[in-house]
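Grab a pencil and work through these exercises with the model open beside you. Try each task yourself before you read its solution.

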Amino acid sequence: MPTQTRSDQIPHRISHPTMKAIFFSSAAFLCGVEFTSGDDEVGTQCSFYLAKSTIEGAGLGVFSGVNLEKDEYVGFSDPAIPIVDIDFHAGGSKQDEDYHWLPSEYVWGVTATGADMELEADETSAFVTGMGSIPNCHFRLQNIEETHNKHDTAEISRADPGAGAFTPYHNRSTYTSDRVEAGQELFVSYGTNWFLTRESYMGLIPLEGSYPKANAFMTSVEKLVKKISTISQEDSDNEIPGSSLEEAMSDLWDIIIQSPYKSRPLSAIPKSLSVAKRAFEVGIQQTELEQSIRSLDYLNSHGKCLDFIRPGKSSIPHAGRGAFATKSTQKGGYVHIAPLLHIPDRDVLNLYKEKYDPEKGDVRDETQQT
C-alpha cells in the first residue's frame, strides 16, 4: 500500500469575539485520562481498546486485544469528512499568528483518501474519525497502515431528503503492517513533516533517521561503562563498590538526559538507566517495543472497548449509514466511547457564497450563507 501522511497544514483556530462552545465528536486526544469498565463488559472478548498511550504525554492510544498477523484488518472502516476552503469561509489566513484550527491535528491530505476528494473545493483536507484519528505515531514501531476511501452515496440521490447529510467517502480500512501481540499499542505514520511543522510546541520528536545516531551513542556509552567497570575490578586499590558504581552510572545518565543541547537522537534514547541497560543488551527498538505492550488486565480495567459497534447502511430510508451492534449489551450498558474535539466558535463552520471584488478578486459574500 502507498505511504500515507497526515496533512502538513499548520494547526490553527480562528479568533472571534463571541466564544461559543460546541464539541466535534471524534475519537481523538485526551490527556491523563483513564477509564473503568462496567459490569456490562465483563466476559466479552474485545479486539481493540482505547486506553492511556505508552508514549509519555501522548494522551490516549489504541491497543490490540488479540494477536494479529501481518496484513490482518484492524477494527472497522472509517468515513472521511471533507473540510473545504476553511480559510475562505472562516475569513482567516495561515499566515496570521493567532490562527488555530484544532481539527487540522487530525486531518489527512486528500491524496491519502483517494476517491477524488480534491475536486470538492479549491482547498480540501480529509478529517478521518476512528482509526484515522486515535492511533499515535511511532516511526520505529509503526504496525498499522490505512487504505483509501471509497466513494459511495449509499444509494441516496440528489433528490432524496438525506442528500448531503453524510459524507460519501467511506470504507477507509486499517490493516497490520507487522505482527502485533495482544496488548500492544497500535502505531501509524503521520509523516515526518507533521512533526517538523509542530516543533515549536512538541519539541524534537525522534524521526526515523534519529535512531542510527541514537544507537551509535548507546554503543559508545556501553563501552565507556564496561571500561570503567573493568578498570575498577582490575585495580583493587581503586575498586569502586557496586552500589557506588551504580550511583555514578545513574548520575551520568541523568546528565546525558538533562543535557541542554537537545536533539532528535537524544530524544530517542531511553529516559531511565534501567531501560538503558536493557537497550545495551537488545537495542533501543526492542526496549520500546516491550514498553508499548500493556497487559489485558490493565486494558480491561483502565481502557474502553472499541468494537461494540460497526458501520453499515442504515435501515432508515434516506439516512445513509448508521451504527450496528456487534454484540449484546444490557439496557443502560456501555456501547461506545467518543472523545471530543473542541471548536470554541461554531461560526467557523459557516459556509458562504462567493462574490467578485474588483480589487481582491473572489471573496466571500457574508450576506449569503449556503
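**Exercise 1. Where does Lys-213 sit, and is Lys-213 buried or exposed?**

Step 1: Find helix H4, residues 211-234, and you'll see Lys-213 in there. Helices here are DSSP runs of H or I with at least four residues, strands are runs of E with at least two, and both are numbered from the N terminus.

Step 2: Check the cover. Lys-213 has a relative accessible area of 60%, so Lys-213 is exposed. The cut-offs: buried is under 20% relative accessible area, exposed is over 50%, and partly exposed is in between (1.4 Å probe, protein chains only).

Step 3: Look across to Arg-264. Arg-264 is 51 residues from Lys-213 along the chain, and their C-alpha atoms are separated by 9.3 Å.

A word on the model: it is predicted, so local features need pLDDT of at least 70 and side-chain atom pairs count only at pLDDT 80 or more, while totals for chains, interfaces and linings use all residues. Residues are numbered from 1 along each chain as its sequence is written, and side-chain values use heavy atoms, with hydrogens and water left out.

**Exercise 2. Work out which residues of helix H7 are buried and which are exposed.**

Step 1: H7 covers residues 273-282, and its buried residues are Leu-273, Val-275, Ala-276, Ala-279 and Phe-280.

Step 2: Now look down the axis. The buried residues fall within an arc of 155 degrees, so they line one face of H7. (The arc is that of the directions from the helix axis to the C-beta atoms.)

Step 3: Flip to the other side of H7, where Ser-274 and Glu-281 are exposed.

Step 4: Go just past the end of H7, and you meet Gly-283 with a positive phi of about 95 degrees.

**Exercise 3. Find the buried residues of helix H8 and say how they are arranged.**

Step 1: H8 is residues 284-291, and the buried ones are Ile-284, Thr-287 and Glu-288.

Step 2: These residues cover an arc of only 100 degrees around the axis, which puts them on the same side of H8.

**Exercise 4. Which salt bridges can you track down?**

Step 1: Start with the idea: side chains of opposite charge can pair when their charged atoms come close. A salt bridge here is a side-chain nitrogen of Lys or Arg within 4 Å of a carboxyl oxygen of Asp or Glu. The structure holds 11 of them.

Step 2: Asp-152 and Arg-321 pair up at 4.0 Å, N to O. This pair links distant parts of the chain, 169 residues apart: Asp-152 is in the loop between strand E11 (150-151) and strand E12 (169-170), and Arg-321 is in strand E16 (residues 321-325). Asp-152 is partly exposed at 33% relative accessible area, and Arg-321 is partly exposed at 25%.

Step 3: Back in H7, Glu-281 and Arg-278 meet at 3.4 Å, N to O. They lie 3 residues apart, about one turn of the helix. Glu-281 is exposed at 63%, whereas Arg-278 is partly exposed at 32%.

Step 4: Arg-364 and Glu-366 form another salt bridge (3.1 Å, N to O). Separately, salt bridges that share partners join Arg-278, Glu-281 and Glu-290 into one network.

**Exercise 5. What does the side chain of Glu-185 contact?**

Step 1: Glu-185 is in the loop between strand E13 (172-176) and helix H2 (192-196).

Step 2: Glu-185 is buried yet has no salt bridge, and the nearest side chain of opposite charge, Arg-294, is 6.1 Å away. For charge, Lys and Arg count as positive, Asp and Glu as negative, and His and the chain ends aren't counted.

Step 3: The side chain of Glu-185 makes a polar contact with the side chain of Asn-136, at 3.3 Å. A polar contact is a pair of N or O atoms within 3.5 Å; within protein, one must be able to donate a hydrogen and the other to accept it, and residues adjacent in sequence count only if both atoms are side-chain atoms.
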